[in-house]
Amino acid sequence: MTDTSARPIQLLVVDDHSLFRRGLMALLAQDPRFEVTCEAGDVGEALRCAARRRPDVILLDNHLPGVLGVDAIPALREAAPGSRVLMLTVSENEADLVAALKAGADGYLLKTVESHHLCEAIVKVMDGESVVSPEMTTKLVSALRAQPPTNGAAPDAPVSTATATSDAELASLSARELEILHLIARGDSNKHIARQLDIAETTVKIHVQHILRKLHLTSRVQAAVFAARHA
């Protein structure tokens, strides 16, 4: 896990709405874990900032002057190879979400996110996790389910090694863990899962940790994707 106490996480904020951008910067300045080292209102400025400052995390809006943020991700990664990209946008379009993740975004959050959730998401992204707004997780799962299988196997072809492995991983889960996995895929938070199953939220967290370990995953998003494809 990243030691954020060594130095603040260096951030680049990219958003064409100056009022929102300045408000976000003021919010982040209140948290000693972060330091906004550069801001940009368009892609050209963002690329210059990224190359000059080499931020740890780039907070990127999707709707920028003349271009979509997702289309700028490859260039931003080339300008600052070590930077992680966290989309922060108003777009609830599942196509934008899928495009962002395919382009290499490390996370996708809606601008309606609570401030403390945003801060925790930045830390998670810095630690190598993928984060997606709970509202968008369900749409991501739906989009993945709508995609045809990618293994190219005929309907009655032998089960592939990958499928067999997935079946074995699923079989390692307890009934309760399977139940929680399906709720994660639906986009439910730990708190909501705890209420539904009438168990403590800490118990849910422990189950989620076990699920990730057994499935060899690192984040809830990956668990939701796994459930969409295999469960």
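**Close-up 1. Helices H8 and H11 cross in this predicted model.**
Let us start where two helices meet. The axes of H8 and H11 come within 8 Å, and they cross at roughly 100°. That makes H8 roughly perpendicular to H11, because angles of 65 to 115 degrees count as roughly perpendicular. On the H8 side, the contact is made by Leu181, Ile184 and Ala185. H11 brings Arg220, Ala223, Ala224 and Ala227 to this contact.

**Close-up 2. Helix H9 has buried residues on the same side.**
Now look at helix H9, which spans residues 190-197. Its residues Asn190, Ile193, Ala194 and Leu197 are buried. These four cover an arc of only 100° around the axis, which puts them on the same side of H9. An α-helix has 3.6 residues a turn, so residues three or four places apart point the same way. What covers the buried residues of H9? Among the elements that do so are helix H8 (175-185), helix H10 (201-215) and helix H11 (220-230). Just after H9 comes aspartate 198, with a positive phi near 55°.

**Close-up 3. Six strands form an open sheet.**
Here is the sheet, with its 6 strands in the order E2-E1-E3-E6-E7-E8 and parallel pairing. Which strands are the edge strands? They are strand E2 (34-40) and strand E8 (131-132), and each pairs on one side only. For a wider setting, the secondary structure of the protein comes to 11 helices and 8 strands.

**Close-up 4. Strand E1 pairs with E2 and with E3.**
Follow strand E1, residues 9-14, and you will find E2 paired with it in the parallel sense over 6 bridges. In this pairing, valine 13 of E1 stands opposite glutamate 39 in E2. E1 also pairs with E3 in the parallel sense, here over 4 bridges. Leucine 12 stands opposite isoleucine 58 in E3.

**Close-up 5. Strand E3 is covered on both faces.**
Stay with E3 and look at its two faces. Val57 and Leu59 lie on one side of E3, with Ile58 and Leu60 on the other, and all of them are buried. In a regular strand the side chains alternate between the two faces of the sheet. E3 is joined to E6 by 4 bridges, and these two strands run parallel. Isoleucine 58 has valine 85 as its bridge partner in E6.

**Close-up 6. Strand E7 has buried residues pointing both ways.**
Moving along the sheet, E6 and E7 run parallel and are joined by 4 bridges. Which residue of E7 is the bridge partner of methionine 87? The partner is tyrosine 108. Tyr108 and Leu110 point one way from E7, while Gly107 and Leu109 point the other way, and all are buried.

**Close-up 7. Helix H5 lies across the sheet strands.**
Helix H5 takes in residues 115-126. The strands it lies across are E1, E2, strand E3 (57-60), strand E6 (84-89), strand E7 (107-110) and E8. H5 runs at about 155° to E6. Also worth finding is cysteine 119, which counts as buried at 7% relative accessibility.

**Close-up 8. A disulfide joins cysteine 38 and cysteine 49.**
How many disulfides are there? The count comes to 1 disulfide. Cysteine 38 and cysteine 49 form it, with their sulfur atoms 2.1 Å apart. Cysteine 38 lies in strand E2 and cysteine 49 in helix H2 (residues 43-53), so the pair ties together parts that are 11 residues apart in sequence. A disulfide is a covalent bond between the sulfur atoms of two cysteines. The torsion about the S-S bond of cysteine 38 and cysteine 49 is about -45°, so this disulfide is left-handed. Are these two cysteines buried or exposed? Cysteine 38 is buried, with a relative accessible area of 10%, and cysteine 49 also counts as buried, at 4% relative accessibility.

**Close-up 9. Threonine 37 sits in strand E2.**
Finally, visit threonine 37 in strand E2. Threonine 37 counts as buried because its relative accessibility is 16% and the cut-off for buried is under 20%. Leaving aside residues up to four places away in sequence, threonine 37 touches Gln10, Leu11 and Arg53. Across the protein, buried residues make up 43% of the 231 residues. Among its contacts between residues at least 6 apart in sequence, 66% join residues at least 24 apart.

Definitions and conventions:
Residues are numbered from 1 along each chain as its sequence is written. This is a predicted model: local features need pLDDT of at least 70, side-chain atom pairs count only at pLDDT 80 or more; totals for chains, interfaces and linings use all residues. Side-chain values use heavy atoms; hydrogens and water are left out. Buried means under 20% relative accessible area, exposed over 50%, partly exposed in between (1.4 Å probe, protein chains only). The arc is that of the directions from the helix axis to the C-beta atoms. Contact means heavy atoms within 4.5 Å. Two strands pair if DSSP finds at least two bridges between them. Axes are lines fitted to C-alpha atoms, for helices over the stretch in contact, and angles run from 0 to 180 degrees between N-to-C directions. A disulfide is a pair of cysteine sulfur atoms within 2.5 Å. Angles under 35 degrees count as roughly parallel, over 145 as roughly antiparallel, 65 to 115 as roughly perpendicular and the rest as oblique.
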